[in-house]
Amino acid sequence: MDKQPILEMCGIHKQFRGVKALSGVDFRLYPGEIHALMGENGAGKSTLIKVLTGVYGNDEGYVLLNNKKIQIKSPLEAQESGISTVYQEVNLCTNLTVAENIFIGREPKRWGRINWKEMNKRADQLLQERMNIKIDVTLPLHAFSVAIQQLVAIARALNVSAKVLILDEPTSSLDATEVKQLFSIMRKLQADGLAILFVTHFLDQVYEVSNRITILRNGSLIGEFKTEQLPKLELVSQMIGKDLNQLEQLPSKFSSSQFINNEIVAEAKQATRHGVIEPIDLVIRKGEVVGLAGLLGSGRTETARLFFAADEVDSGKIVLGSSNEKIDSPRKAIKHGTAFCSENRKAEGILDDLTVRENIIVALQAIRGWHKPISRKKQEEIADNYIKLLAIKTSSAEQLIKNLSGGNQQKVLLARWLLTNPQLLILDEPTRGIDVGAKTEIQRLVLDLSKEGKSVLFISSELEEVLRVSNRIAVLRDRKKIKELRDYDMSEHAIMKTIAGGDTDEINL
Amino acid sequence: MKLIYKHHLFWPAAILIALLLFNFIYSPDFFSIVVRNGKLYGSLIDILNFGAPLMLVSIGMTLVIATKGIDLSVGSVVAISGALSCLIVSQAENQNSISVVLTAMGAALLLSIGLGLWNGLLVAKAGIQPIIATLILMVAGRGIAQLITSGQIITVNSDAYAFIGTKALLSLPVSIFVVALVLIIALIFTRKSAMGLFIESVGSNPEASRLAGIRSTIVILLVYICCGLCAGIAGLLVSSNVSSADGNNAGLWYELDAILAVVIGGTSLNGGRFYLMGTILGALIIQTLTTTIYMIGIPPEITLVVKACVVLIVCLIQSESFRRVLIQRWRTRHYPAEREVPKHVN
C-alpha cells in the first residue's frame, strides 16, 4: 500500500494482575479499508480494541493517529479524536427515539433548549445519505429490529466526525439478509474513505467483506495478511496454531433409522404459543440429535423454549419422558431430565456475581432443594472436575464468571447442565461468539452425548454446524415446521431450498 | 497482609475500630465496664443494647437487598409489632402472667410475618417494584400502628414484658442474646443450607435463576417474610425497653439506618453477594456514631449534620474508585515549582 496508515499501534503491551493479555502487538489501519481482526477467544482482540478506545491504558507502546502520537485516556477522548466503536451488545436506550439515540449527549441546541426539529431532520439525513435507510426517526428504538438498532448504533458512531470505525461482532445477532444490508453499508462507508476495523467469528463474512486480516493468538501478533492471499484453512490454523485436519475429525454419527424404535424422550403435540409459534409436532427419541434450522425469527428458539417450559404453551402439549405430568415451569422440565442452554448467555444464562463453582452447581442444587445442600468439598470436586473435563480456562473455580471470556462462560453453562445428567439437552446457539477450537469441542461433546444415549435438540444459525451434528433436522419457516430432513436428504442445499420454499437460486445465503 | 486488606470485612471493621479509638482518646473511660447488681454497665454495653433493634432490622434488610429488593416498611412494622403486643398485654387482667406476654409477642410476630408476606406478594406475584411495593406499607403501617394504639401511647406495667428489653442474662442485656440468636439462625439458614446461594443467584440474575430451576417467587417471598419477622422482633425489643408503644415514633427512620448498615457492610444495592457479618458491623458503626455524638456533647441542633458528614466520609472510604483516585492524586502529586528569586540588579 502506498498510502499512509491513518492509525498505527506499535509494540502494545498490556498486563492484568501479572497475566499478559497483549505482548508487543503492532497494528495498522489504512483509510478506506475494511480490516478484520481475528483470533480465538482470549487471543486479545477485545483487549486491543479496549486499549485503542481508551477503556484500558497500555503498559508499553504507543498509538499514532495521522502520524501523530496520541494518548487516549477515555472512550470519550477516543471519540473526540475520531475513533468510534460499536460494541457487540447494542448499548443504546431502546425507550428513546432513533433521533435521540443518535444525538444523545450532543443534541443540537437553540437558546439552551433542544432543537427537536433540527435533531430529527439531521438524524433522518444522516441515515438516508450515509446508510441508505429510511425509517421514522421519531419512533422509539424498540419499534425496530435488532438489525436496524445495530445500524442506528453505527449511525451514532458516524455522527462524531469519525475517521476510524470499530465494529465488534456486529453480525452475531443478525440474519443473512440483515448481514447483507450491513455489509453494503460498510462498503459504502469504506468508499467514503473511512477505516473500518471489523471483529467477527464468522469466517465467511471476513472473506466477503474485508481487505486485510490481522491475526492474534495468545496476546501476540501472528501476522497481517491480505485477505485474497490467505486461504481459509490457513487462516484457521494460524488462529488456533494447530492443523485444522486434526480438528475436523468428529466422531461419526449414527443414521437416523437407528433411532426409530427407541423410546420417545420428548414430544410436542400440536404445541402452540399465540403469536410466537404455530401448532408444532416434534418427536425426539433417545440418543438422537435433532437439529432445528431456519432463519432468525422462524421460531427455532421459541420451539426450544416450549420444550423447556421457559414459556408456557397456550394449547397442545409437551410430553417429557413417559410421565403424563403437565410441564409448566423450567423446574419441572429439569426434574424430567431436560436441560436448556439459552442463546442469550448474558441475560438468561450466567449468574454474573457468582463464582464458576456456584454457576456450575446451581441447577443441581436447585432441584435438590435448599434443605439438601451439596457440601463445599463436593462442590469443589465437581467444579474442578468439569473445569478439567471441558478445558475451561479460568484461574480457579472461585473466579467470578463475569471475568471469563464468552466461550468459557458457555462451557461453564454446559457443565451446569451436564451435571444434572439430562436425558434431553437443548442447545440454542451454543457456539455463538465462540472461536473455532471451542466450537469443535462443543460439537464433539454433542456427538459424545448422543453415543451415551442422551438426546440433544440443537439450534444454530450456521447450517454447516447443524448438518454436522444432527441425525435429523426440522426446518422452520415463519413460525411453522415445514419439513423434516433425514440422512441423505440432509444438505445445505436442501435446507436452504426448504427455507426458501422452492428455488434456492434466488437467495444467496 | 493483602488477604486481610482484601477481605470484605476489612473496611467496616477498620472504620468501627477507628470510631472506638476516637472515643477512647476523647474519653479514656469509654471502655470501662462496671458491674452493678450483677449487671454490666458501660458505653460498649449500651452500644450493643441500643443497637440491638437496628441490627435485627438490618439482618432482614440484608436478605431483601441481596435479591435486588428493598424494604422501606421495616420502621412501620417495628411500630405495629410493638403496638399490638403492648395492646394485648395492657388489656390483660394479670399483666405479669408469662402466658399473656408470650401470647402477645406471638401475635405480634405472626402479624409481622403477615406484613412481610404482603410485601413479598406485591413484589414477587404482582410484580411491583420493591421500593414502591414497600412504600405502601411504610406509609399505611404508621396508620395501622396508630389505629392499634388509638393514637395514644400505650404503657404496660409488666415485669415479664420488660424482660427482653431491660433485663440481664449472665450479666449481659437480654437483647444481645436475642440478636445473637437471630444472627446465628440467619447464618445457618443461608450458609449451611443452599438458601444463601439461591438468594444470591436470584439477586444476580432472576431470569437465569428461573431457567436454572430455582423458584424465584418463593425465594423472594421468603426474604420479605424474614425481613418482616426481624422487624417484628425489633419492635418487641423497642417497646419492651420503654414498656410502652408509640405508634408515631417507634422505629422511625429505621429503614434508612438499616439500608445504610447493609451498604456499609459491603452488600451492594444491586443485589447478589451479601454479607451478614458486614451488616452487623455496619449497624454497630451507626450505633457507635450516635453514642459518640451524644457523648462528646455536640449541640442537638446539629447532630444530624455531624452524623451525615461522618456517614459521607465512611461511604467515601469504602468506595474503591474513590480510594483509587485518592491514591493516584497522592502518587502524582507535585509541589509548586520553587520560584526563582530574581537577583537584585544594582
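In which loop of chain B does B:Leu72 lie? In this predicted model, B:Leu72 is placed in the loop between α3 (43–66) and α4 (74–91) of chain B, and the legends below start from that residue.

**View 1. Surroundings of B:Leu72 in the loop between α3 and α4 of chain B.** B:Leu72 counts as buried because 23 other C-beta atoms lie within 10 Å, where the cut-off for a buried residue is 20 or more. When neighbours within four places in sequence are left aside, the contacts of B:Leu72 are with B:Ile131, B:Thr134, B:Leu135, B:Met138 and B:Glu255. B:Thr166, by contrast, is separated from B:Leu72 by 94 residues in sequence and by 28 Å in space, taken from C-alpha to C-alpha.

**View 2. Packing of α4 against α12 in chain B.** Helix α12 (residues 254–264) of chain B packs with α4(B) at an angle of about 125 degrees, and the two axes are 6 Å apart. The pair is therefore oblique, since angles over 145 degrees would count as roughly antiparallel and those from 65 to 115 as roughly perpendicular. On the side of α4(B) the contact is made by B:Val74, B:Gly75 and B:Val78, and on the side of α12(B) by B:Tyr254, B:Glu255 and B:Ala258. By class, this contact has four nonpolar residues, one polar residue and one charged residue.

**View 3. The largest nonpolar core, with B:Val57 among the residues that have the most contacts inside it.** This core has 172 residues, and A:Ile426, B:Val57 and B:Cys230 are those with the most contacts inside it. Helix α11 (residues 216–242) of chain B contributes the largest share, 16 residues, while domain 2 (262–337 + 422–509) and domain 3 (346–421) of chain A each supply at least three. Apart from its neighbours within four places in sequence, B:Val57 is in contact with B:Val74, B:Val78, B:Cys230, B:Ala231, B:Ala234, B:Tyr254 and B:Ala258. A second core, separate from this one, has 68 residues, including A:Met9, A:Ala21, A:Met131 and A:Leu189. In soluble globular proteins, nonpolar side chains tend to be buried together.

**View 4. The side of chain A that touches chain B.** The contact between the chains takes 23 residues from chain A and 21 residues from chain B. On the side of chain A, the elements that give two or more residues are α11 (330–335), α12 (345–349) and α13 (356–368), and α13(A) gives the most, with six residues. Sorted by class, this side of chain A has 14 nonpolar, four polar and five charged residues.

**View 5. Domains 1 and 2 of chain A where they meet.** The domain assignment divides chain A into domain 1 (7–243), domain 2 (262–337 + 422–509) and domain 3 (346–421). The centres of domain 1 and domain 2 of chain A, taken over C-alpha atoms, are separated by 33 Å, and 10 residues of domain 1 are in contact with 10 residues of domain 2. Helix α8 (residues 232–240) of chain A gives the most to the side of domain 1 that touches domain 2, with three residues. That side of domain 1 has four nonpolar, three polar and three charged residues.

**View 6. Helix α10 of chain A, a mostly covered element.** Eight of the nine residues of α10(A), which spans residues 300–308, are buried, among them A:Arg300, A:Arg305, A:Leu306, A:Phe307 and A:Phe308. The helix is followed by A:Ala309, whose phi is positive, near 60 degrees.

Terms used:
Residues numbered from 1 in each chain as written. Chains lettered and ligands numbered in written order. Predicted model: local features only at pLDDT ≥ 70, side-chain atom pairs only at ≥ 80, totals over all residues. Buried ≥ 20, exposed ≤ 12 C-beta atoms within 10 Å, placed from the backbone. Helix = DSSP H or I, 4+ residues; strand = E, 2+ residues; numbered from the N terminus. Contact = placed C-beta atoms within 7 Å. Nonpolar A, V, L, I, M, F, W, Y, C, P; charged D, E, K, R; others polar. Core = buried A, V, L, I, M, F, W, Y, C linked by C-beta atoms within 7 Å. Domains from an automatic or database assignment. Axes fitted to C-alpha atoms, helices over the stretch in contact; angles between N-to-C directions. Parallel < 35°, antiparallel > 145°, perpendicular 65-115°, else oblique.
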